[in-house]
Amino acid sequence: MIKSFRTVSFFEGISFLVILFITMPLKYIFETPGPNRVIGMAHGALFLLYVILALLVKSKKNWDTKTLAIVLVCSVIPFGTFWMDRKYLKESN
């Protein structure tokens, strides 16, 4: 389960960065909203999966509520999921 969470967190982080730095400029500067719809839908699904897996991993890793909150907040901060992986999951290879 931890390996799955690491994979989802990686792709969730990538999709968030693609939205911020590629599809949002395309949408608002170049008036091309199509890529934002597609990547946004994928990112939304990855985000929901990230939250669900974080809740499941909480019990497996014996995280307290504060740690879970940090892990969840990392999903809405650019590059946060990559930091979270290194800080809380890396030793679980």
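# A walk through the four-helix core

Start by selecting the buried residues of α4: among what covers them are α1, α2 and α3. Keep in mind as you look around that this is a predicted model.

Now pick out those residues by name: G80, T81, M84, D85, Y88 and L89 are the buried ones in α4. Turn the view so that you look down the helix axis; they span an arc of only 135 degrees, so they sit on the same side of α4.

**Next stop: the salt bridge**

Stay with D85 and add R6 to your selection. Their side chains meet in a salt bridge, with an N to O distance of 2.5 Å. R6 belongs to helix α1 and D85 to helix α4, so this pair links distant parts of the chain, 79 residues apart. Are R6 and D85 buried or exposed? Both R6 and D85 are buried. If you go hunting for others, note that a search of the whole structure finds one salt bridge. As a general point, side chains of opposite charge can pair when their charged atoms come close.

**Into the nonpolar core**

Select F5, Y50, V57, W63, V71, M84 and L89 together. These are the residues with the most contacts inside the largest nonpolar core, which has 14 residues. Colour the helices and you can see who contributes: α1 (2-28), α2 (34-61), α3 (65-73) and α4 (80-89) each supply at least two residues of this core. Which helix gives the largest share? That is α2, with four residues. In soluble globular proteins, nonpolar side chains tend to be buried together.

For a close-up, centre on V71. Setting aside neighbours within four places in sequence, V71 is in contact with F5, Y50, A54, W63, M84 and Y88.

**Around α3**

V71 is also a good way into α3, where the buried residues are T67, L68 and V71. Viewed down the axis of α3, its buried residues fall within an arc of 100 degrees and therefore line one face of the helix. Rotate to the face of α3 turned away from that buried side, and you find the exposed residues T65 and K66. Rotate back and show the surroundings: the cover over the buried residues of α3 includes α1, α2 and α4.

**A tryptophan in α4**

Now select W83, which lies in helix α4. W83 counts as partly exposed because its relative accessibility is 44%. Show its contacts, leaving out residues up to four places away in sequence, and you will see W83 touching I70, C74 and Y88. For a sense of scale, draw a distance from W83 to S15: their C-alpha atoms are separated by 16 Å, with these positions 68 residues apart along the chain.

**Out on the surface**

Switch to a surface view and select L20, F21, I22 and F79. Together they make a nonpolar surface patch of about 410 Å². To place F79, look at the loop between α3 and α4.

**Last stop: K3**

Finish in helix α1, where you will find K3. K3 is exposed, with a relative accessible area of 68%. Add K90 to the selection and draw one more distance: the C-alpha atoms of K3 and K90 are separated by 9.8 Å, although the two are 87 residues apart along the chain.

Technical notes
Residues numbered from 1 in each chain as written. Predicted model: local features only at pLDDT ≥ 70, side-chain atom pairs only at ≥ 80, totals over all residues. Heavy atoms only, no water. Core = buried A, V, L, I, M, F, W, Y, C linked by side-chain atoms within 4.5 Å. Buried < 20%, exposed > 50% of the residue type's maximum accessible area, 1.4 Å probe, protein only. Contact = heavy atoms within 4.5 Å. Arc of directions from axis to C-beta. Patch = residues over 30% accessible without salt bridge, like charges linked within 9 Å, V, L, I, M, F, W, Y side chains within 5 Å. Areas by Shrake-Rupley, 256 points an atom, 1.4 Å probe, with all protein chains shown as cover. Salt bridge = Lys/Arg side-chain N within 4 Å of Asp/Glu carboxyl O.
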